[in-house]
Each structure stands twice: as C-alpha cells, then as structure tokens.
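Thanks for making time this morning; I would like to walk you through one model, going from single residues in loops to a helix and then to the aromatic side chains. Please have the sequence and the structure open while I talk.

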Amino acid sequence: MRIFSIALLVTLTVSTNSFGQSKARPNDYSYYLELLGSSKDVLYDSIINQFDQYITQNPWDFKVSIERCRLIENAYYDSYEDYNPNYDDAVACVDTLVATFPDEPEALLLKVDYLYGEDRTAYLKELNDDIPVNDKWEPHAWKVYRLLAEAYEDESNYELAIRFATVAKERKDSLDLTLMLGRLYKAQSKNKLAIEVLSSSLDSLDESWELNQKGRLLLELGAPEKAIEAFRLAKKDSTGWQDNSALAQAFIDNGLYAEAREYLAKEVAASTWRKEGSLRKLFEYDLNHGSLDSAKVEYRELVELNFMTDPIGIDRIRIFFKAPLFYWTVDDILHLLLLFLILFLMLVIPYLWILPIHYIGTYFRTKGMRLSASAFRWGLRHFWIICSGYLIISFVALAIVDYPTIISMFDESIVYRDALPEISKVNATLVLLFCSGLLVMTIFLLKRTDLRLIWGTLQSKGRAIGVGIGMALLLKSGLGIYAAILRFAGISLFENSALGMLSITDDIIAVNQFYHPALGFLIVVILVPIYEEILFRGVFLSACEKHMKFWIANSLQAFVFALVHQELKLIPFYFAFAIVCGHYRNKTQSLATGISIHVTNNLLAFIGILILQARMG
C-alpha cells in the first residue's frame with residue numbers, strides 16, 4: 001500500500017506540472033475524495049495545489065472554486081463522529097468565494113450550508129430579494145424558495161413555509177415537496193388537505209425512506225389505506241430501509257392481521273440491540289390477534305430481557321384472563337406486588353394534606369375560634385375518598401388504555417411506540433374512561449338527601465341558572481381582558497385550548513373524531529360540570545370549611561381546581577372561576593349556580609371546539 005501511495009503521488013506530481021502548463025480543468029470534488037482514500041495526508045496538499053494553479057490562471061471559473069471549497073469541506077469529514085477538522089478552512093474558502101463572485105447564484109447558495117437559525121433565514125431573505133434583479137437566478141431560484149420553506153418550517157411559520165414550498169414547486173415541476181407540505185398542513189390541523197397532498201404523489205420511483213415517511217404521516221392523519229399503499233411501494237425498493245413497525249400497524253388498522261405479523265416478526269429478527277420494543281409489539285399482536293401460545297413465549301422472553309417490560313403486571317393479568325392455567329413465576333408475583341404497593345400508596349398519600357387540615361381545625365377550636373357550619377354533610381373522610389379515588393382512577397385508566405406510558409416511567413429506555421399525536425384514539429379512550437370513573441365515584445358519594453342541596457329548591461333553580469349564565473359570560477369577558485394583557489406582553493393564551501376555555505381541547509376533539517360529537521357534548525357540557533362541582537365545591541370545600549375560615553377553604557379548593565386543569569397560563573382564570581362558584585355555593589347553600597356557570601362556560605368551549613374541528617377539516 002505504501003509503494004502504491006508513493007507511485008500515486010509521483011503520478012499526481014507529474015500531472016500537476018503538466019496541469020499548470022496545459023491549463024486542464026480539475027474534476028468534480030467527489031473524484032478526488034475517492035482518490036484520496038487512506039492516503040489523505042500525502043495527497044491532499046498536492047490536490048489543493050492543483051486546484052490553486054488552475055484558479056490562478058483561470059480566475060473567472062467560479063465552478064472550479066466551488067469544487068475546491070467542497071473538497072476542503074469533505075476531505076477530512078468524519079460522518080460517524082460528525083467532526084470536520086477542516087471546517088474553519090471550508091468557511092474561509094466559502095467567504096472568499098462569495099466575496100469574489102457576489103453575482104453568481106451557485107457560489108452564494110454554497111454559503112447557506114454554513115449558516116444556522118436566524119442567520120440562515122436572514123441570508124436566504126437577502127438572496128430572495130436579489131432574484132428579481134439578477135437574471136442568473138432563473139435556473140436556481142427554486143433552491144432559494146425550497147430552503148426558505150425549510151427555514152420557516154423550522155421556525156413554525158407554517159403559512160410562509162407553504163407559500164415558498166408552493167413557489168418552489170411552480171419553478172421546478174419535477175420537485176417533490178409533498179412530504180414537507182403534508183407536514184405543514186398537518187401542523188395547521190388541515191388534515192384532509194394533508195392527506196390529499198401526500199396521496200397525490202405516491203410513486204414507486206420514490207426513495208423508500210421518503211415513502212416510509214409519507215406512510216407514517218398518513219397513519220398519523222388517519223388514512224391507513226393510503227399509508228399501506230406508500231409502504232407497499234417502499235417495499236419494492238429492496239435496497240432501502242423499510243418501516244416494518246408502521247407498516248404492520250397500518251395492516252392491523254385495516255384488519256389485515258396475517259400480513260401485519262409478517263412485518264412485526266421481521267422487525268424482531270432485525271433487532272440487534274434493545275430488542276424489547278420490537279418484541280413487545282409482536283407480543284401485543286399475538287395476544288390480541290394471533291396465537292396465544294406464541295404470546296406466552298414472547299412474554300417470558302420479554303421479562304427475561306428486562307423485568308420492567310411489564311413493571312406492574314398488567315400484561316400478565318391480561319394473559320391470565322385469556323389463559324387462567326398459565327403458570328406463574330416469581331417475577332410475575334413481584335410485578336403484582338409492585339402494583340398493589342402503588343395502589344396502597346395512592347390510598348395513603350392524601351393523608352399528607354388531610355392530616356394538616358384536621359390539625360389546623362383542632363388548633364382553631366382550642367383557641368375558641370368559631371368556624372363556619374356547612375349545610376353539606378361531607379367531611380374529611382369523604383375528602384380522602386375523592387383524593388385517593390382521583391389518583392387511582394387516573395392510574396388505572398392510564399394502565400388500561402396507555403400502558404406504554406407507565407412502562408416508560410419505570411424504564412425510559414423501553415420504547416416500543418412512537419409518541420402519540422395530540423389527537424388520537426388512545427387519548428379519546430383515556431378521557432372517556434377517566435370521566436366515567438370520576439362519575440361513578442361521584443354517584444357513590446351521593447345520598448338522596450344530598451340532591452336537594454345540590455340543586456336547591458324548585459323556586460331557586462330559575463334564578464340560579466340565570467345568575468350562572470350571567471357570571472359565566474362575565475368571567476369570559478374577564479378572560480378576554482386577561483388574554484389581551486398577555487398578548488401585549490407577547491404571550492399567546494389560546495394556542496392550545498379552544499377559545500381559552502377548556503384545558504383538554506385536543507382530547508375532546510379526539511372524542512368527537514374517534515367516537516361521536518354527541519358523546520363529547522355529554523362529557524364536556526353535562527357530566528364534567530356536575531361531578532366537578534360536587535367534588536370541588538361540594539366535598540372538597542365542605543370538608544375544608546369545617547376546619548378553617550371559609551375564605552381560606554374557598555381559596556384552597558380554587559387553587560387545587562386550577563392546578564388539576566394543567567394549563568399554566570390559564571391558572572388565574574380557573575382560580576377566579578372556582579372562587580366565584582365557591583362564593584355562590586356558600587351564599588345559596590346549593591351547587592345550582594356553580595353548575596350553571598360551569599355548564600355555560602363548557603358549552604361555549606365546546607362550540608369553540610366544533611368550530612376548530614370544522615377548520616381542521
């Protein structure tokens with residue numbers, strides 16, 4: 001090899017001398033990258049010298065100068081380590097190139113590779129401004145438009161990104177930007193338009209990677225038939241990467257279970273590291289659609305690989321219901337013990353705040369302080385029930401519907417499913433199960449004598465409803481003022497919620513989309529207002545006001561009410577909302593006004609959700 005390198009160096013030296021005399025034009029930079037091979041240190045300076053001699057004699061040939069810069073950039077680049085010792089030299093070369101040829105689009109475009117973030121976008125804007133006044137841009141303008149589209153996509157400026165992507169396509173008919181446009185339309189919640197764009201350009205000549213990306217995006221958009229088409233086209237390219245997991249999911253969504261298992265098995269066979277994820281997908285498939293015997297074998301292999309693949313035994317319980325005689329191991333028992341420990345802790349944890357409330361009340365009584373007497377019978381025992389119940393219902397619903405999330409809490413390295421989209425059937429089912437659980441718990445707490453206090457007398461109901469509607473509209477006006485103040489400070493209040501009135505907008509959209517809007521209406525407008533008023537302004541407030549001043553108890557329940565809605569920017573609104581509902585509960589000794597406020601507020605929110613869904617298409 002050393003003799004060969006010396007011989008090659010001699011050859012290059014000779015060609016360099018003749019090169020300067022004959023003024024031969026250097027080859028493309030990639031030719032020299034292949035030529036360098038493992039003899040970079042010996043040959044690199046000689047090749048650069050070859051370029052320099054030609055450029056000295058032909059300073060007008062900017063394309064050769066471009067190839068020189070590209071050679072400097074790539075000669076020592078280590079793609080594995082993502083490290084380039086020549087980076088500074090490459091930047092200097094490009095800066096000199098741009099200064100020497102300020103009117104040559106190809107030279108100007110090369111600099112884009114060395115700019116990032118706002119600097120990159122600003123530079124592309126300058127190039128865009130130069131296009132109308134420089135005829136040389138005609139064959140290259142589409143590149144600027146495409147790069148601007150990518151830059152604006154990174155900045156989440158989707159409107160501008162779509163505009164420049166469309167212009168780039170108009171300038172170059174063969175340019176396929178449908179994957180980018182699909183992402184952009186999806187980001188704008190224009191799902192139907194995204195599906196149309198992606199479906200319009202499924203071609204077997206496309207690279208398998210791009211077809212797989214389109215397939216995954218189509219799956220997220222709820223178009224599994226088109227996703228399968230994309231995956232099958234990608235499969236024809238045997239040299240390309242195949243997303244076996246996403247393809248299997250598309251087949252499952254369309255009831256093609258036999259074909260689905262084939263691809264899941266391929267993914268398991270191809271897994272050489274962190275095999276748990278692919279094996280778990282195959283286990284899930286066999287447990288739900290395939291062979292139960294295969295599922296048993298896969299489960300045992302999973303637990304042997306990593307105890308935390310089934311940390312609380314949910315999968316083992318599922319197997320038990322299908323095969324009660326399947327033997328139990330020590331690991332299986334340990335999983336169940338961990339489950340029982342977590343449930344026990346959820347029963348005990350509420351004492352961390354219930355006991356202080358009890359002792360505060362005891363202290364006040366010993367000091368002779370007169371505390372308010374609530375007409376409601378609920379006390380700290382009932383408060384403990386709703387706190388423990390809330391924790392257990394949340395945990396059980398998550399374990400049943402979205403067990404992968406719980407698994408990742410115990411071992412974040414176990415990933416066998418991509419992050420769920422904001423609007424998904426899993427989230428929709430989770431909302432239904434959670435709300436149903438809270439409703440059942442609320443009914444369990446009620447006695448017939450409580451109904452009169454909840455609804456008030458027949459005579460007072462009309463007035464309570466009217467006051468509730470008025471207060472809801474007043475609170476909404478206050479929210480508008482609050483939003484305007486935040487907007488003046490550069491903060492958007494409504495980006496994640498329907499008209500800023502509901503914290504689970506995406507989940508309710510999911511219920512409407514994957515189940516039925518009537519079910520969404522029942523939950524948001526009827527059930528949630530009733531059981532939240534009973535739990536917060538009924539049980540919570542009544543239990544606390546027996547042990548402290550009413551205004552303290554009311555502030556406490558309002559603060560917790562605001563926190564559980566998990567919208568940081570909306571905490572002031574939810575706090576004010578709960579304070580007003582608590583005030584009217586104390587004033588009228590009934591929950592009718594609070595329920596009326598809650599129903600009106602959520603009705604307006606639900607209307608906002610329907611409008612948002614209509615815009616999403």
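Let me begin with Ser156, which is partly exposed, its relative accessible area being 44%. Bear in mind throughout that this is a predicted model. Ser156 belongs to the loop between α8 (141–154) and α9 (158–171), and its phi is near 65 degrees, a positive value in a residue other than glycine. As background, most residues other than glycine have a negative phi. There is a second serine to set beside it, namely Ser189, whose phi is positive at about 65 degrees although this residue is not a glycine. Ser189 is located in the loop between α10 (178–187) and α11 (191–199), and with 25% relative accessibility it counts as partly exposed.

Now to the helix α19, residues 330–348. At 1.5 Å a residue, its 19 residues should span 27 Å, and the C-alpha atoms at its ends are indeed 27 Å apart, which agrees. Which residues of α19 are buried? They are Asp332, His335, Leu336, Leu339, Ile342 and Met346. Looking down the axis of α19, one finds these buried residues within an arc of 115 degrees, so they line one face of the helix. The general background is that an α-helix has 3.6 residues a turn, so residues three or four places apart point the same way. The partners against which the buried residues of α19 pack are α17 (292–305), α18 (314–322), α21 (380–401) and α22 (403–410), while the face turned away from the buried side carries Val330, Leu337 and Phe340, which are exposed.

Let me close with the aromatic side chains, for which the count comes to 21 aromatic pairs. In one of these, Phe283 and Tyr299 have ring centres 5.8 Å apart and planes at 45 degrees, so the pair is tilted. Since Phe283 lies in helix α16 (residues 276–288) and Tyr299 in helix α17, the pair ties together parts that are 16 residues apart in sequence; both Phe283 and Tyr299 are buried. Elsewhere, one aromatic cluster is formed by Phe383, Phe536, Phe540, Phe561, Phe573, Tyr574 and Phe577. Phe561 also has a charged neighbour, as the charged end of Arg537 sits over its ring, 4.4 Å from the centre. Likewise, Arg316 lies over the face of Trp328, at 4.0 Å from the ring centre.

Conventions. Residues are numbered from 1 along each chain as its sequence is written. This is a predicted model: local features need pLDDT of at least 70, side-chain atom pairs count only at pLDDT 80 or more; totals for chains, interfaces and linings use all residues. Side-chain values use heavy atoms; hydrogens and water are left out. Helices (H or I, at least four residues) and strands (E, at least two) are DSSP runs, numbered from the N terminus. The expected span of a helix is 1.5 Å times one less than its number of residues. Buried means under 20% relative accessible area, exposed over 50%, partly exposed in between (1.4 Å probe, protein chains only). The arc is that of the directions from the helix axis to the C-beta atoms. Contact means heavy atoms within 4.5 Å. Rings of Phe, Tyr and Trp (its six-membered ring) pair if their centres lie within 6.5 Å; planes under 30 degrees apart count as stacked, over 60 as edge-to-face and the rest as tilted. A charge sits over a ring if NZ of Lys or CZ of Arg is within 6 Å of the ring centre and within 35 degrees of the ring normal.
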